[in-house]
Structure formats: C-alpha cells, structure tokens
Protein chains: 2
Amino acid sequence: MPVNYATPTPAQLFPVAGVRLGVAEAGIRKANRRDLTLIELAPGSRVAGVFTKNRFCAAPVLVCREHLKTASIRALVINTGIANAGTGEPGLAAAHASCAAVAQLLDIAADQVLPFSTGVILEPLPVDRLVAGLPAARAALKADGWHEAAHAIMTTDTVAKAASRKVGADGTAPAGSAANRATAVTITGMAKGAGMIRPNMATMLGFVATDAAVAQPLLEQLVKEAADESFNCITVDGDTSTNDSFILIATGQGGARFDSASAPGWAEFKAAVIAVARELAQAIVRDGEGATKYIEIAVEGGRTREECKAVGYAIGHSPLVKTAFFASDPNLGRILAAIGYAWNNDPALADLDVDKVKVWLGDTLVAENGGRAASYREEAGAAAMKPAEIRIRVDLGRGTCTANVWTCDFSYDYVKINADYRS
Amino acid sequence: MPVNYATPTPAQLFPVAGVRLGVAEAGIRKANRRDLTLIELAPGSRVAGVFTKNRFCAAPVLVCREHLKTASIRALVINTGIANAGTGEPGLAAAHASCAAVAQLLDIAADQVLPFSTGVILEPLPVDRLVAGLPAARAALKADGWHEAAHAIMTTDTVAKAASRKVGADGTAPAGSAANRATAVTITGMAKGAGMIRPNMATMLGFVATDAAVAQPLLEQLVKEAADESFNCITVDGDTSTNDSFILIATGQGGARFDSASAPGWAEFKAAVIAVARELAQAIVRDGEGATKYIEIAVEGGRTREECKAVGYAIGHSPLVKTAFFASDPNLGRILAAIGYAWNNDPALADLDVDKVKVWLGDTLVAENGGRAASYREEAGAAAMKPAEIRIRVDLGRGTCTANVWTCDFSYDYVKINADYRS
C-alpha cells in the first residue's frame, strides 16, 4: 500500500484539449488485464522527452529519440508486461512495427508515433498481440481517458499515479478561478513505476500534457528542468531502468501561448508543470515496492547541487538506512556512515569536513561536531522515526547549494515483490 | 547460516610465533559475551594497515593511522558492541584512553597500541568497562588464541572467520611439508563482518599475522595489494563502514626473512598472504547478512581494471539482481540493466557498446548482440540459478583487463537482521 497517496478520481483529472486516450487488453504477458494504451494528439501538438541514460536502453527508447528528431508527433503507444529491452535487432523491429500499425490505423506516418514499453527485460515483445489490440484501443479513445490509462500502464504499482491542475495563463488570477477560466491552462499527467527506480534524466514512463501552446525550444528546456526537479530526485532501489521516459506534450488547443520564457504567465505555468511532475515522481516513491515510509532527504550547505544530490543518494540508497526506517529504529549512525562514503558518488566530497556536518531527523538535531549532538535524546529519535513521512535534513556546512532526494524504506515486501515478480 | 563456510577448528589455526591473543567479557554493550580481545606482539614485530576511506571514520581508525606513523607496535585492542564512530572528540579521547590502559598493563608506550572498535555507530564507547576488562584479557593471552579471538570480534556474524596456512619460505618445498618445516612461514588471520560491507581500502576488521620478517616498505606494499585482491572486491550491501581496518603483522620470529621483493620465496609468500586475505574476505560474503547464495562476478574484456570493478559492483549492489538470485529466478534482464548503468560508477563506461557485451550464468551464455542469446533457454537459466554458489561472467568486449567482485543475495533475513539490529 502506498504511503499517503491515493489515485485522483476521474473527475479530478481534467481533460487536456487535443489529447484522447484509449486502453485495451492485448494479452502482452498476462490475459485479462488492460495492458495497451493509445494516446492520440491533435495536429500541431508539440512534444519533448527525456530518456534513460542506461546503456542497455530499450528499443522503444531508441525509436522515440529518432522520431522526436524528425516528426511532428501525433500518437503514443504504450504496452506493459514486456519492456522490449535487451532485445537487440528483433526488439527494434518490433518497436518499429508497433509504430507502423498505429500509423496505419490513424492515417499518419510511422515516425509520428512514439512507442513505450515497460515490464520484463530480455524477453521478446509479442508484437502481433500488440497490433491485434490496437483497434480496440482506438475505439476506446476519449478525452477523459486519463484515469483508465494511468491504470493500464501499471506493472508492480499498487495504485495508479496521476495529477492534474489548472493555472491562470497570465499568472494574475488564482489557478482555475472563474475569472481566469477563459485563459486557464490545463496540465494533466500520469506516471508508473514502483521498482527499478533511480531515474537518470527521466523515469519509468511519465506523461504530462497541457493545452497551452509552447514553442519547441522552450518545451525541450522545460522537460529537462521538470525532470531534474522531480523524477531525477527520486530513488527506490538505485536501479536505473532501461526504459525510463518522461514526455511533455503541448497541444496548443487551449487559449494560452508561450513563445518565450518572457511570455506573461510563463513562470506560473512552468511552476505548475514542475509541480505536476513532482507530484507524479513522489507518487512513485510513495508506492515504492514494499514501502511503509516516505522519506524526504533535504541536503543543504553544499558547494554544488551535485554534491548535495550525491549525499542525498548515498543516504537514500543505503540498505542499512532504509531497513532502520522500516524498523522505526533510530540507528542514526548509519546515516553518518552514508554521508561519509558519499564521495564515492562525487569525488568533490573527498575533502568533506565531518566536524561541520549537521543532521536533523524531523526537527531533532541528531549530529554535529563529528558526533552525536549533546542535546540528542534517544526518545526524541525514536519519536521522530515513527511517522509515515519523515524528513532527514543534512547541512554540509561548506556552501549555499541545496538538493532534495525522495525515497522510501526497505521492507520484507520489497524482497518478496522482487523475488516473486515474473513468476 | 553462511554459504559453504565453516570456521576452521582450533587445530587448523597455526599459532604465529610472536603473537599471543586473549579475550574477555567486558560488557561493552551486552552482558555475558566475549567482546574484548587483546593481541600482544613480540618486540621487533612490523605492522602495516589500510583503513576505511569513509569521511566519518571511527576514532580508533584515526588513532591507528597516527600510531602506525610513529611507533613500533606491540599490542592491538579490539572491542565489539560499540563502533566508537560518529563520536567526535570524546570518542577520540576514549580510543586514546584504551591505548593508555593497555600500555600500562603491558609496560609499553601508548602509541605502541592500535585500537579497533566495531558495533553501533554514534553511541559513546564505555571506556571504563573496556579498561576494567583488560586484566582478564591479558591473563588469557596465549599463542593458540586465534579461534577464541575470531569469535570475540563478531557482531552480526553467524560464524567466526579465520584462515591459516604454512608455506615453504624459499618456495621450493610444498607448503608445510616436513622437509620444509625448518624454514616454513606461518600465516594466520581472522576477520569479522556480515553487513555494512563494501570495503574501500580494507574491511571491517581483518587481521593477518605471519612469523616471517618483512621489511617495512615491503609490508606496506603487501597490505595494500592483499586488500585490493580480497577485501576491496567484496560487497554485501554497498555500505562502506566507518571502521574498516585491515592489519598485516610480521613478527619476524620464524626463520624466514624478506628484505626485498626479489628475496627467494617472496612470490609464494605473497600469494599465500593474498590467499589468506581472500579466504577471509570471501568468508564475510558467505556469511553476508541473510545470505543464501554466494555469487562471484567475473568481469573481463574491460579497458581498465577499474571499469571492470565498476560493472561488478553495479551488478553486485543491485537489489533487483540480488533478490532475483534469492528467488532463483533467472530474471536476467536485471543484470543487463545494471551493466547499462554502471557508468554511474565509472564515467569511462559511458561509451560502452552493449552490442559487444556477453553475459554468462555459470556456463550458460545468456546475452550477446545487445539482447538475449539465440541459444539461451529458460530451463538452462533456471538450472543455473539453483546452486548455492553461482558465477556471473561478463565480457565487456573492449579490452584485456579483468576484475572479480564477490557478493551474496538479498533475502528477507537481510531486512530482518538490519531492522532488528541494536534492539
């Protein structure tokens, strides 16, 4: 069960003009489950994406990169069950065949289609079954299909992840207020992922769409920034997936138009896109495999954002820290140990002066001057470990940069889920 | 229970002339357990060590580094229960006080004593109890005390780890043969560790002693090489400890003398020291917290040894790979994913051509040409996952360098042990 997260209701997910979604049962890996999603975009939509940096990246990731270079994207096709990664040339052919089939169905060109897959790595994609399921997905296309689609892209997820909001396009009226309705911008997104989560440039399938018109260079900059502030700050198990993809779609079907970063309302719009991306990213951590606790690691006082993230990830990946949180045991020396070896992630930390490091758990000062804080009491630590949401704050005491990493604890169920997955 | 490892019997651990060991119950953290070990070295013994690179290194590690610079070491004092790490100035004072107490008891100088601690981080060392236990440890000193000492330094270890062998000093006679007995060299060592294991330069307390005389520069070079070929190739959970220490002692009380690397018998002696260190390091992995499988990851075809190790560690740290081994499920795409993101550990791998990578499980070729090997059958993979000892072989196809990493699987019991430890 996720930590303090519930899927928004269908009514809470605003349709985005120019986007229609349809799902179907294609029997990709298992029967009787919706595992195929088709997304149709209005002509003129602009699309930008960031993808995994895993060298064994999936065939659909390669095809997405290629198609985003050359074409105006009109459709996305997503299957779960099989990741189509580690599948070599046949995998690439299967991804291309999926695009061709969608193109034929929608009367567009194959390079106007972006393919996505998620599931088991190293097994062949049954592309015939995928193609056979497409007509049903097309028949199901509808503007309010986000809720169903968010469910259809799940694998080990226990809940569907989606987020939606409206903001005033000119930044002057409260989000979604009646006064601003005419120029309001809608932003709706969905994501999937629960394990093999340590995105590098993007995450395991995140899709955010807006009805604003956004100039292509601006959109490409925004998708990177949004990923860096959201999906690129989370980890469940430190395993960077082969299929991570985060896609930002701007259909231009609403009234708002952003041609440059100085356009009125851009700052508010950008903040809203990042907020939606962050909500989705955090939902993935809240639904991390076996998670019982949601943990924010806020690192400050670094010389660079990178070294702050290196410390955040060292703590967030440590199985010892994560099992201590599972047990609600304030065995906080494990956090210090992780800070101490974080230079493995960023050599700039090799000269970290530990006497200047401070660590808080919630509001409780735990460590300073190279050791346990004089004011620290075990009971305060024990109390701070209890809540389902916990904030670890680290001050490195050597600069002004900050970074956040979001993660979850490590429980029996993580082992169970990953020992059982596939079987 | 450890994977295919049993503690040698007392008779299998040869005493090393010039080394006496004694243990006692000091009640450091828990009552009624032997938690204090004293090791006395004959005058003229030479000692070299390597220590953790964790920035939050323990107070005893700082003191060891200092004492090794200036003094001829005559004693080692080891406590379990409390790591004396993350303890700031008071921790340093406690480590110094331990040395002073040992010095008084043995009529030597305080800087001739090396202190070691292992256990919980961030809690103060009850140095009074340690000092009070010293006379009993001293009274128990004996040449054949290795077996008892190996037990007394345990924390979450389920078995004591020790190794011993004799080699012909001139390399001409079989190890320990009667003909060679007069010039034989004895090498005996012990180690502890089961969790927080990802040594960087050394491991969580490893001690190896020999009765050979070894020139100090040679000894210092050998301790580094032995660590690099043993403790620095293992991982249980990726957590580099604050207390890792690996100590090599040469008492010079036997007949053999090595003044330079060209001395007769040096190569065989060196190989034997490395073999003892490796046996101890592998014993730690076999006794890895919750381990049910022992996994060797042999990486070849790299441009550098470092990039081979980066790939080995990416695989060896992946919770997804480790849980798949626990389940004996040949979900081998997870190995490919880990190879694909290994460039996180070594940027030189960012241009890895995955089409040239080959992966074997035991003798079964699993992946080549960027995907699953045509010859691979699921049944062969399933069979290869079953044994308690498994070898993963990876050919990066871009060079001639190699490296091995030894690790274990990830089970419910790892979570249980680390959620319960301390309580």
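In chain A of this predicted model, the C-alpha centres of domain 1 and domain 2 sit 32 Å apart. Domain 1 covers 10-286 and domain 2 covers 294-420, with bounds taken from an automatic or database domain assignment. Where the two touch, 10 residues of domain 1 of chain A are in contact with 11 residues of domain 2 of chain A; contact here requires C-beta atoms, placed from the backbone, to lie within 7 Å.

On to the chain pair. The contact takes 57 residues from chain A and 57 residues from chain B. Here α9(A) gives the most to chain A's side, with seven residues. Other elements giving two or more residues to that side include α2 (88-106) and β15 (371-372) of chain A. Helices (H or I, at least four residues) and strands (E, at least two) are DSSP runs, numbered from the N terminus.

Here's how both sides split by class:

| Side | Nonpolar | Polar | Charged |
|---|---|---|---|
| Chain A, touching chain B | 26 residues | 23 residues | eight residues |
| Domain 1 of chain A, touching domain 2 of chain A | four residues | five residues | one residue |

Ala, Val, Leu, Ile, Met, Phe, Trp, Tyr, Cys and Pro count as nonpolar, Asp, Glu, Lys and Arg as charged, and the others, Gly among them, as polar.

Now the symmetry. A turn of 180° and a shift of 0.0 Å along the axis lay chain A on chain B with an RMSD of 0.0 Å, which is the relation of a two-fold axis. Copies are superposed by least squares on C-alpha atoms of residues with pLDDT of at least 70 in both. A:Tyr412 comes closest to the rotation axis among chain A's residues, at 2.7 Å (C-alpha). Since 98% of the interface residues of chain A are also interface residues in chain B, the copies meet through the same surface.

Residues are numbered from 1 along each chain as its sequence is written, and chains are lettered from A and ligands numbered from 1 in the order in which they are written. As the model is predicted, local features need pLDDT of at least 70 and side-chain atom pairs count only at pLDDT 80 or more, while totals for chains, interfaces and linings use all residues.
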